[in-house]
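Trainee: I've got a fresh model open and I'd like to talk it through with you. Can we go over it piece by piece?

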Amino acid sequence: MAHDHHKEAAYHFGEAAKHHQKAQELHEADEHEKEAHEAYQAQGHHNLADHHAKAAAEHHAEGHDKEHSDSIA
């Protein structure tokens, strides 16, 4: 399950980077309305990437907790 979240996070970080690049190009071309749209798209992908990265970390933590759940009493 964590593997799927890693893949999704990587995809969305990549998409965010593409939108950031496009926004920068539009900014330099004084296309500010289009730039704002690209920045909004980038933000959405960042949010999704963050969500999947956190989910992957939680799955890793759950697996780690199961490995170390034996009590030493």
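Trainee: Before the details, how many helices and how many strands are there in the protein?

Mentor: Keep in mind that this is a predicted model. Helix 1 covers residues 2-28, and helix 2 covers residues 32-67. The tally for the protein is two helices and zero strands.

Trainee: What share of the contacts with a separation of 6 or more comes from residues 24 or more positions apart?

Mentor: Take H59 and H5 as an example: the two are 54 residues apart in sequence, with their C-alpha atoms 9.1 Å apart in space. H59 sits in helix 2 and touches M1, A2 and H5. For the protein, the share you're asking about is 69%.

Trainee: And H59, what is its relative accessibility?

Mentor: Buried would need a value under 20%, and exposed a value over 50%. H59 falls in between, so it counts as partly exposed, at 28%.

Trainee: How far does helix 1 reach from its first C-alpha to its last?

Mentor: Helix 1 has 27 residues. At 1.5 Å a residue you'd expect 39 Å, and the model comes close to that. The span from first C-alpha to last is 39 Å.

Trainee: Which residues of helix 1 are buried?

Mentor: One of them is H12, with a relative accessible area of 8%. On the other helix, H12 has some partners: H45, L48, A49 and H52 are the residues it touches, leaving aside those up to four places away in sequence. The full buried set in helix 1 is A2, H5, A9, H12, E15, A16, H19, A23 and L26.

Trainee: What fraction of the protein's residues is buried?

Mentor: The protein has 73 residues. It exposes about 5600 Å², with carbon and sulfur atoms supplying 53% of that area. As for the buried residues, their fraction is 23%.

Trainee: Which side chains meet in a salt bridge?

Mentor: There's one salt bridge in the structure. Its two residues are three apart in helix 1, so about one helical turn separates them. The N to O distance is 3.0 Å, and the side chains are those of K18 and E15.

Trainee: Of those two, is E15 buried or exposed?

Mentor: Its partner K18 is exposed, with a relative accessible area of 55%. For E15 the value is 17%. Since the limit for buried is under 20%, E15 is buried.

Trainee: E35 has no salt bridge, so which side chain of opposite charge is nearest?

Mentor: In general, side chains of opposite charge can pair when their charged atoms come close. E35 is buried in the model, and its nearest candidate is 12 Å away. That side chain belongs to K34.

Trainee: What does the side chain of E35 make a polar contact with, then?

Mentor: Not counting residues up to four places away in sequence, E35 touches A23, L26 and H27. One of those also gives a polar contact, side chain to side chain, at 3.2 Å. That partner is H27.

Trainee: Last one: which residue just after helix 1 takes a positive phi?

Mentor: Look in the loop between helix 1 and helix 2. The residue there has phi near 60°, and it's a residue other than glycine. It's exposed too, with a relative accessible area of 59%. The name you want is D30.

Conventions
Residues are numbered from 1 along each chain as its sequence is written. This is a predicted model: local features need pLDDT of at least 70, side-chain atom pairs count only at pLDDT 80 or more; totals for chains, interfaces and linings use all residues. Side-chain values use heavy atoms; hydrogens and water are left out. A salt bridge is a side-chain nitrogen of Lys or Arg within 4 Å of a carboxyl oxygen of Asp or Glu. Helices (H or I, at least four residues) and strands (E, at least two) are DSSP runs, numbered from the N terminus. Buried means under 20% relative accessible area, exposed over 50%, partly exposed in between (1.4 Å probe, protein chains only). Contact means heavy atoms within 4.5 Å. Accessible areas come from the Shrake-Rupley method with a 1.4 Å probe; for residues, only the protein chains shown count as cover. The expected span of a helix is 1.5 Å times one less than its number of residues. Lys and Arg count as positive and Asp and Glu as negative; His and the chain ends are not counted. A polar contact is a pair of N or O atoms within 3.5 Å; within protein, one must be able to donate a hydrogen and the other to accept it, and residues adjacent in sequence count only if both atoms are side-chain atoms.
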